[in-house]
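The following note is offered to a colleague who is meeting this structure for the first time. Please read the points with the sequence and the model side by side.

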Amino acid sequence: MTDFSVLIGGKAGDGISQAGQIIGSVFASMGYHVYQYTDYPSLIRGGHNFCIIRAADHPVTAFRSHVDVILAFDQQTVNFHSHRLVPDGEIIFDSNRAKAKGIGVSLASYVDRFQGLPIMGNTAMIGALSGYLGISWEVIEPVLTKKMTKKTEDNLKIARAAFDEILKKTSIDKTGENSRPFMSGNEWIGLGLLAGGLDAYVAYPMTPSSGVLHFLADVAKETDIIVYHPESEIAVILMAMGLAYAGKKTAIGTSGGGFCLMTEGLSFAGQAEIPVVIIVSQRTGPSTGLPTYTGQSDLLFVRHAGQGEFPRWIAAPATPSEAFRLSAMAVKIAWKFQIPAFILSDKSFSEGIFTGDINPGIPDNPVEVSPSFPYRRYEDAADGISPILAPPVHGEVIKVNSYTHDFRGITTEDPGMTVTMAMKRKKKNDALKDLIDNPENVCISGKKDATICIVCWGSVRGQVTEAANDLDVRIVSPLILEPFPIITFQNAMKGVTKLLVVEESANGQIDKILKEHGFFPDELLLRCDGRPSTVEELQEKIRRHI
Amino acid sequence: MNSDNSLISDAKNTWCPGCGNFAIQHAVKSVIEELEKEGVQREEFVLVSGIGCHAKIVDYFNLNSFYSLHGRTIPVATGIKMANPDLKVICFAGDGDLYAEGLDHLIHAAKRNIDITVICHNNRVYGLTTGQYTPTSPYGFRGKSTPDGIHEPPLNIIEMLLGSGASFVARAYSKKIPHLRRIIREAIMHPGFAHIDVLQICATFFNMTRFYDEQTYESSEANVSQFDVACRTGQQWDYSDQGPIPLGIFYKTFRTPLPEKREEREIDRLKAVRTILQNYS
């Protein structure tokens, strides 16, 4: 079984993340499953950045405590991470900037030999690693050519020289499987939105959600979507309301602080029944918190945000295929039910880079009901869902309203109509509940008949699944958190006598939802330092509680 | 009562007798009727309002409308216009609404020259919340939240708009209806961001009828494209209790508006998704 990890570290500005991605792409092109974790502080230059790239012959969505190779651009990387090295591992370090027991490579000498730019030191490092691992040049060259679109020839020469001059240690071969797309969680989400029929994306930059904005802005022309970055998150959600009113399937994205600003618009969407997809990528809070580190402490906030009562849909993907499918579904659900639909991600998932399926599944379009005329925007129905039309429609008037309104959308304070509209929203919630309560939306893994069960959600599932691999533990992870798929969940929990929750929060969040539904966790295994657990760390924690 | 064809809906009107909102509603109605006669389809209009007395206007019109939130007309209108550049999007906002809660949106809309029309019902007081000062209330204004009078000067919104890059800036007065009508029409026809600050009295909390009747005058529009002239006209009155108060179009210029024309393209999005997946492999 192949399971190989490389840690690459240096200062912000060394191009660590890009080099990591190229190394990941090399492994992906050889047919491996790849996961890359990027750890960086909230600054542009200096600091300590590192990536762990893990390649395996089975799907991976977590990283391990140990690594097989360390690529050190500076002394800090050697000092901070040497303890992670396996006994027969190797440190390849820049001999101009660090001292270590391992293989010293003068990156600057390669750059200087071909009159390259200082940043091309990381090209030399990639070449050295590939040579050391005995990966064939025929694998490296096309990846470098594709990824390094500027000064490609110089980069290839530098990489080749470092590749040739390092001592070959092993020989990593292709797997025989096809190359899989290697993309960040944010990119998988963005691609899913597109597959779901997205017309427009509006966002204000905020780590760790900005990757969705950058990705969609980059592909806006080829996919013919509108992408806009306005003055604030308040403008973002209200602009989305305007776009959706005028017929564009719109998504927005942010993190906790930006979502705070969006809550008045969220409640508006609930009252006016305007569809919107909202990507919330969590980071360590409260407030500014740790901007570039992870957390799962916004579940209850997202679930309860906004004044008044209105239905919403919240999904938390843990894998690239889930991110793709659920994001596509979010667009369809938001539009069908005319509600806010959330993709709740976090830094680990959003900025993690994963190989995924080249043919991810696209959910079917829900049935839409045709309107009757004269058109009334808030026509009631058995399931509370009004047919939706966008202006201009000749001879018809389309009114939406933040006040309690009548069927036409005109303000009313009539108690009877107030109740009718509250019930209309409630009926939509009931219809939504029925739709989502199915086995597709609750993932069961581990030993499926074990009596000890871990409940977790979102990115943490990847760590839990691997950590519990050798243990007699069942893992139940709901993909949809609101409405809660209760019947499916109850079935998944049959025979459980001990319930553990693993989550990245200080007080526990999903346990509150479980309690609402009659499940009382025995232990909460929580972590709130912003760092995702390695497989081994989590395994040890779980062992102590079973 | 109203026939089906009326521009006015059957919603019950709850403005105070003598409110300046009636005049604005009437002027807008006349302009839309005129434009309809000239071939603009009724369904191409979308009215957007904030929250406040002014905002009820969208209920009273039998037209497409978006009754939004306090201060948030502009982002909504921007979204509608970006979605469909063929729609004529008109924002109705109040001075508390637009110049306090939503001021940032106004500045950015002017800066990006989004092709919408903004009509600010500026009565210089909060009416629906029963009488507090707004950003354009005069120095010393005593309201329910400031019983000792405010210690800040009013915001000269005309100067602010000019400084923000607005391509059409005008002031009107709700009692000069033909003048108001002409300005609303020009604002709607202007390609780009058009703002009209409409002085109106609040019959209940800030009745400035006599002051406005005496102090307002129609200023010359001969040099309407000259920025420095516009600035000088805008500085003639600082929203204090001293006149005279110029009315009219202060500034009008052409600058490429947003949204820019999008090419009509037939794109198979799923095919594009598959291509992207290939590119990342």
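The numbered points below treat the contact between the chains, the shared sheet, one helix, a further group of strands and two single residues.

1. Status of the model. The structure is a predicted model, and local features are described where pLDDT is at least 70. Totals for chains and interfaces, in contrast, use all residues.

2. Contact between the chains. On the side of chain A, 46 residues are in contact with 39 residues of chain B. The elements of chain A that give two or more residues to this side are strand E7 (182-184), helix H7 (185-195), helix H8 (210-223), strand E9 (226-228), helix H9 (233-245), helix H10 (256-272) and strand E15 (399-401). H9(A) supplies the largest share, eight residues. By kind, the residues of chain A on this side divide into 28 nonpolar, 10 polar and eight charged.

3. A sheet built from both chains. Nine strands form an open sheet with mixed pairing, in the order E15(A)-E2(B)-E1(B)-E3(B)-E4(B)-E6(B)-E5(B)-E8(B)-E7(B). E15(A) and strand E7 (216-218) of chain B stand at the edges, and each has a single partner strand, so one side of each is left without a neighbour in the sheet. From one strand to the next, the twist averages 20°.

4. The junction of the chains within the sheet. E15(A) pairs with strand E2 (residues 64-67) of chain B in the parallel sense, over three bridges. Within this pairing, Lys399(A) is placed opposite Ser65(B) of E2(B). E15(A) thus appears in two of the topics above: it is among the elements on the side of chain A that touches chain B, and it takes its place in the order of the sheet beside E2(B).

5. Strand E4(B). Is strand E4 (residues 117-122) of chain B mostly covered or mostly exposed? The strand is mostly covered, with six of its six residues buried. Both faces take part: Thr117(B), Ile119(B) and His121(B) are buried on one side, and Val118(B), Cys120(B) and Asn122(B) on the other. Strand E3 (residues 88-94) of chain B runs parallel to E4(B) and is joined to it by five bridges, with Cys91(B) opposite Val118(B). The pairing of E4(B) with strand E6 (residues 194-199) of chain B is also in the parallel sense, over six bridges, and there His121(B) has Val198(B) as its bridge partner.

6. A helix across the sheet strands. Helix H9 (residues 227-235) of chain B lies across strand E5 (168-173) and strand E8 (245-252) of chain B. The helix runs at about 155° to E8(B).

7. Helix H10(A). This helix has 17 residues and spans 23 Å from its first C-alpha to its last, close to the expected 24 Å. H10(A) nevertheless has a kink of about 50°, centred on Met262(A). Met262(A) is itself buried, and other buried residues of the helix include Gly256(A), Phe259(A), Leu266(A) and Phe268(A). Among the elements that cover the buried residues of H10(A) are H9, strand E10 (250-254), strand E11 (276-282), strand E13 (340-346) and E15 of chain A. After the helix comes Glu273(A), whose phi is positive, near 55°.

8. Strand E20(A). Five of the six residues of strand E20 (residues 498-503) of chain A are buried, and the strand is mostly covered. Four bridges join E20(A) to strand E17 (residues 452-455) of chain A, and the two run parallel; in this pair Cys453(A) stands opposite Leu499(A). E20(A) also pairs in the parallel sense with strand E21 (residues 523-526) of chain A over four bridges, where Glu503(A) has Leu526(A) as its bridge partner.

9. Two residues of chain B. Ile8(B) lies in the segment before helix H1 (21-37) of chain B. Ile8(B) counts as partly exposed because it has 16 C-beta neighbours inside 10 Å. Its C-alpha atom is separated by 9.7 Å from that of His26(B), 18 residues apart along the chain. Gly71(B), in the loop between E2 and helix H3 (73-83) of chain B, counts as buried because it has 26 C-beta neighbours inside 10 Å. The C-alpha atoms of Gly71(B) and Gly96(B) are separated by 7.8 Å, with their places 25 residues apart along the chain. Leaving aside residues up to four places away in sequence, Gly71(B) touches Gly50(B), Asp97(B), Leu98(B), Glu101(B) and Gly102(B).

Key: Residues numbered from 1 in each chain as written. Chains lettered and ligands numbered in written order. Predicted model: local features only at pLDDT ≥ 70, side-chain atom pairs only at ≥ 80, totals over all residues. Contact = placed C-beta atoms within 7 Å. Nonpolar A, V, L, I, M, F, W, Y, C, P; charged D, E, K, R; others polar. Pairing = 2+ DSSP bridges. Buried ≥ 20, exposed ≤ 12 C-beta atoms within 10 Å, placed from the backbone. Expected span 1.5 Å × (residues − 1). Bend = angle between axes of the 7 residues up to and from the residue. Axes fitted to C-alpha atoms, helices over the stretch in contact; angles between N-to-C directions.
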